[in-house]
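Please open the model in your viewer and keep the sequence panel beside it. The stops below say what to select next and what is to be found there.

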Amino acid sequence: MRVVIMGCGRVGAGLAQQLVNEGHEVTILDTNAFAFQRLLPEFSGRRLVGSGTDDRTLIEAGIEQADCFIALASGDNRNILASEKAKEVYGVRNVVTRVRDPLRSELFARLGLKTFSPTKFGINLAHEALLDATGGQ
Amino acid sequence: MYIIVVGGGIVGYGLALELQQVADTEVAIVELSASRAAQLRDELGEMVVHGDGSEIAFLEGVGARRADMVIAVTADDGANLVACQVAKHWFGVQRTVARVNDPRNEALFLKLGITTTVSAAAAVMAQIETSLPQHTLVPLMALQSAGLKVVDMRVQSGAEVSGHALRDLKFPSGVLVAVVVGPQGARVPDGDTVLVPGDEIIAVIPHEAEQRVRAMVTVEDGM
């Protein structure tokens, strides 16, 4: 599978390594080359400095031939813009978008993006841990 | 009519000043930066709200549910897209207008059904003119009240700008080249657009920048 990952934070870097280990062809983007230090030195995927919302960067990353695009940059709005572009303009079939704001995540899921909100998972986990600790009182 | 303007930069400010003059129109201007919001508030008063125009919970608080129109004019296309989609699909706002900073994003915005897309301050003004119910003409020249004016210049052979891409030109701050009219017709320029002699450019510029801009586009003839 040819995968383009936008954002080389902890999640992006970890996912990139995992996908490469599984034999996928990975290109990871970040606007700041410094972020690539999170990748293991032996990481064999492609690192590309640029923004996932920028068409030139996307094309250079091979978006036109990509099977998957996942947006993991820090800003929700940027992730949404890049994902809509990957899906609507470049016809990438499998597009996944991280949207931290649970409400925005819900809205754009309704509008056809495959979104997930780590904040929502965090709230659920915190809530569960809290109720466990207090025995539900 | 209730209009929410997202973004209090030069375009949002100009819009707010104009919309303030329109009868039976209530305007809220949403600005993300606290210092910019405070500055705008000194001049425009209560209509300025400090907040994030793509945050659903915040928009609820400024009455997005009863808004007739949301105009997103920040310098960030992602924020503009999200503000418009949230307005339309979460709050049911009928008309949404987004400023498109990168012209390559325009087709996407249209495809997503954002009512209207625009590429420059001038076009925002034109859109509002046609969107408002009655006559309410918002002449481009009224940008003057925001310290701006629209100028129309022809690039002369041998001028400082001639043969250079827009991104390489050091125009004074606040200058927006909105339209370039060349032999192939009018186009909305991007950073790669190269100005050649004979091109006509329409730009929105701060008053104080006019002399400098004219000097860059034309050749001094000793007059």
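**A strand pair in chain B**

Begin by selecting strand β8 of chain B, residues 176-182, together with β9(B), and bear in mind throughout that this is a predicted model; the two strands pair in the antiparallel sense over 3 bridges. Within this pair, centre the view on B:Val180, which stands opposite B:Arg187 in β9(B).

**The whole sheet**

Now widen the selection to the sheet to which these strands belong, an open sheet of 4 strands in the order β7-β10-β8-β9 of chain B, with antiparallel pairing. At its edges are β7 (148-154) and β9 (185-187) of chain B, each of which pairs on one side only. Looking from one strand to the next, you should find a twist that averages 20°.

Add helix α7 of chain B, residues 210-217, which lies across β7 and β10 (200-206) of chain B and runs at about 155° to β10(B).

**Two domains**

Colour chain B by its domain assignment, which gives domain 1 as residues 2-134 and domain 2 as residues 147-217. If you place a marker at the centre of each of these domains of chain B, taken over C-alpha atoms, the two markers will be 26 Å apart.

**Where chain A touches chain B**

Next, show both chains and select the residues in contact between them: 15 residues of chain A are in contact with 17 residues of chain B. On the chain A side, α3 (76-89) and α4 (102-110) each supply at least two residues, and α3(A) gives the most, with 8 residues. Coloured by class, this side of chain A shows 6 nonpolar, 3 polar and 6 charged residues.

**The nonpolar cores**

In soluble globular proteins, nonpolar side chains tend to be buried together. Which residues touch the most other members of the largest nonpolar core? Select A:Ile5, B:Val5, B:Val70 and B:Ile71, which hold that position among the 69 residues of this core. Helix α4 of chain B, residues 77-89, gives the most to this core, with 7 residues.

Stay with A:Ile5 and display its surroundings: leaving aside neighbours within four places in sequence, A:Ile5 is in contact with A:Gly12, A:Leu15, A:Ala16, A:Val26, A:Ile28, A:Leu29, A:Ile70 and A:Leu72.

For the last stop, turn to another core, of 16 residues, which lies apart from the largest one and includes B:Val155, B:Ala203, B:Val213 and B:Val217.

Terms used:
Residues are numbered from 1 along each chain as its sequence is written. Chains are lettered from A and ligands numbered from 1 in the order in which they are written. This is a predicted model: local features need pLDDT of at least 70, side-chain atom pairs count only at pLDDT 80 or more; totals for chains, interfaces and linings use all residues. Two strands pair if DSSP finds at least two bridges between them. Axes are lines fitted to C-alpha atoms, for helices over the stretch in contact, and angles run from 0 to 180 degrees between N-to-C directions. Two residues are in contact if their C-beta atoms, placed from the backbone, lie within 7 Å. Domain bounds come from an automatic or database domain assignment. Ala, Val, Leu, Ile, Met, Phe, Trp, Tyr, Cys and Pro count as nonpolar, Asp, Glu, Lys and Arg as charged, and the others, Gly among them, as polar. A nonpolar core is a set of buried Ala, Val, Leu, Ile, Met, Phe, Trp, Tyr and Cys residues joined through C-beta atoms within 7 Å. A residue is buried if 20 or more other C-beta atoms lie within 10 Å of its own, exposed if 12 or fewer, and partly exposed in between; C-beta atoms are placed from the backbone.
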